[in-house]
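Ready to get your hands on a new structure? Work through the exercises below, trying each task before you read its solution.

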Amino acid sequence: MCQPLSLYIHVPFCKRKCPYCDFFSVTDPSLIPAYVAGVCKEIRIWSDMTTDRVQAPLHTLYLGGGTPSVLSVAQAARILETVHQAFGVTPDAEITMEVNPGTVDAAYLSGIRQLGINRLSIGAQSFDPAKLSFLSRIHTRDQVFETLSGAARAGFSNIGLDLMYALPQETADVWQTDLDTALALQLPHLSCYMLTLEPGTPFYGQYQSGQFSPCDPDRRTDFFVHTSRVLEHAGYAHYEVSNFARNSAFRSVHNTHYWERGAYLGVGPSAHSFVPDGLSGTVAQKYGVKSGPVRAWNKTDIQDWLDHVTAGRLPWADYEILSPAQEKMEQIMLGLRTDMGVDINGLHPEIQVLMDRLADQGSGVFFNHSREGFSARHFRLTRSGLTCLDGIVDAIIRKIT
């Protein structure tokens, strides 16, 4: 039986690079035609080289970036046609495209909806002009509403909106206004991310040079807890650290597949792939990949990536075979991010002892997951526990390693 398979396509182009973003992207649109040809080539390489151990109709497809909506409708159509020819797509597949206000209009949204894209992830980040200016976004508040209106007219019902909070000097009132505005729209999905200062980004350099101070840890915790409470009170399930859905039908299937450690292939510069049951066939033979869970990542330089796919080679920068300890670490780390939690039965005895101890401390960090179908030793983090996620995971990792 073929395991469920997802495909991620990284579109590494932006009209302007945001100063907080550490995802690979460039601002040269002249490279897009060659990139589209390269993506189609890489998709075919994967299709030709994989056996039915990993090759299956896709149940999710995600175009992320960068800014995928810088692709023309015709360029997106070419990529999607190649995907359908190479892998096939299940009839109920979730097909997501990230779009940014300021890069799309009603005609574009209608065009991509006709291609079969059925879910949008809209990178609004805020409705507040001052926050948008600080984040160097190219769009305005009005363009966010125009994008949402155009999406609805195009027939999109599965829409997610990205918002960012805990900016330097941001007040609780400013963030509450963003939340109130989003709630008034009654969207099925919201992703609420804290601003993080990633090394190598312009914001990180500005922070190091003293141009601004980040939001302090206690205030970040207050923002997080408040966000969770407000959205849950409004009927959203807080199903992952940063993600909220009105009901289970609107949870991101693609991202959930990641968190559950399902098989996915990554296409495009810097994209990652993961096959938990290992690779076989031509891929394993040609690349000398030993059996075991495989994680691989593509070259970042666009020309280097393009040279490899043009020559018919997977453009891997490197790969690793996960050890049993790494597998357990990922299972715990990813599981604790979500409301599904972690079943500690079968884990290393020392980890079971540690998690039992945390559960018994009465601090509200863990609670038993009592829904039908889960054992009494299936734990997930409470809201308070999620604020300590990194420390809890670090403690568990130390036990594993």
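## Exercise 1: Place Pro57

Pro57 is partly exposed, because its relative accessible area is 46% and that class runs between buried (under 20% relative accessible area) and exposed (over 50%), with a 1.4 Å probe and protein chains only. Before going on, note that this is a predicted model, where local features need pLDDT of at least 70, side-chain atom pairs count only at pLDDT 80 or more, and totals for chains, interfaces and linings use all residues. Residues are numbered from 1 along each chain as its sequence is written, and side-chain values use heavy atoms, with hydrogens and water left out.

**Task.** Find where Pro57 lies and which residues it is in contact with, leaving aside neighbours within four places in sequence.

**Solution.**
- Step one: look in the loop between α1 and β2 (58-65). Helices here are DSSP runs of H or I with at least four residues, strands are E runs with at least two, and both are numbered from the N terminus.
- Step two: list the contacts, meaning heavy atoms within 4.5 Å. With neighbours within four places left out, Pro57 is in contact with Leu5, Phe87, Gly88, Val89 and Thr90.
- Step three: check His84, which is 27 residues from Pro57 in sequence but 8.6 Å from it in space, C-alpha to C-alpha.

## Exercise 2: Pack α1 against α2

**Task.** Work out how α1 and helix α2 (residues 73-86) are oriented and which residues meet.

**Solution.**
- Step one: take the geometry. The two helices pack at an angle of about 5°, and their axes are 9 Å apart. Axes are lines fitted to C-alpha atoms, for helices over the stretch in contact, and angles run from 0 to 180 degrees between N-to-C directions.
- Step two: name the orientation. That angle makes α1 roughly parallel to α2; under 35 degrees counts as roughly parallel, over 145 as roughly antiparallel, 65 to 115 as roughly perpendicular and the rest as oblique.
- Step three: find the residues. On the α1 side are Ile32, Pro33, Val36, Ala37, Val39, Cys40, Ile43, Arg44 and Ser47, and they meet Gln75, Arg78, Ile79, Thr82, Val83 and Ala86 in α2.
- Step four: sort them. This contact of α1 with α2 has 10 nonpolar, 3 polar and 2 charged residues. Ala, Val, Leu, Ile, Met, Phe, Trp, Tyr, Cys and Pro count as nonpolar, Asp, Glu, Lys and Arg as charged, and the others, Gly among them, as polar.

## Exercise 3: Try two more helix pairs

**Task.** At what angle do α6 and α8 pack, and at what angle do α3 and α5?

**Solution.**
- Step one: α6 (residues 172-185) and α8 (residues 217-233) pack at about 25°, with axes 11 Å apart. They are therefore roughly parallel to each other.
- Step two: α6 passes α8 in a right-handed crossing, meaning that the near helix is turned clockwise from the far one by less than a right angle (anticlockwise would be left-handed).
- Step three: from α6, the contact uses Ala172, Trp175, Gln176, Leu179 and Leu183, while α8 brings Arg219, Phe223, His226, Thr227, Val230 and Leu231.
- Step four: α3 (residues 106-114) and α5 (residues 141-154) pack at about 40°, with axes 8 Å apart. These two are therefore oblique, and their crossing is right-handed too.
- Step five: Ala106, Leu109, Ser110 and Arg113 of α3 make this contact with Thr147, Gly150, Ala151, Arg153 and Ala154 of α5.

## Exercise 4: Look into the core

**Task.** Which residues touch the most other members of the largest nonpolar core?

**Solution.**
- Step one: know what you're after, namely a set of buried Ala, Val, Leu, Ile, Met, Phe, Trp, Tyr and Cys residues joined through side-chain atoms within 4.5 Å.
- Step two: among its 90 residues, pick out Ile9, Tyr35, Ile43, Ile112 and Leu161. Helix α1 (residues 32-49) gives the largest share of this core, 9 residues.
- Step three: follow Ile112. Not counting residues up to four places away in sequence, Ile112 touches Val73, Met97, Val99, Ile117, Leu120 and Phe156.

## Exercise 5: Spot the unusual backbone

**Task.** Where is there a cis peptide bond, and what is phi at Gln125 and at Ser136?

**Solution.**
- Step one: most residues other than glycine have a negative phi, and most peptide bonds are trans.
- Step two: a cis bond joins Gly65 and Gly66, with omega about 15°. Gly66 sits in the loop between β2 and α2.
- Step three: Gln125 has a positive phi, near 75°. Gln125 lies in strand β4 (residues 119-125) and counts as buried at 8% relative accessibility.
- Step four: Ser136 has a positive phi of about 60°. Ser136 is in the loop between α4 (129-134) and α5, and at 26% relative accessibility counts as partly exposed.
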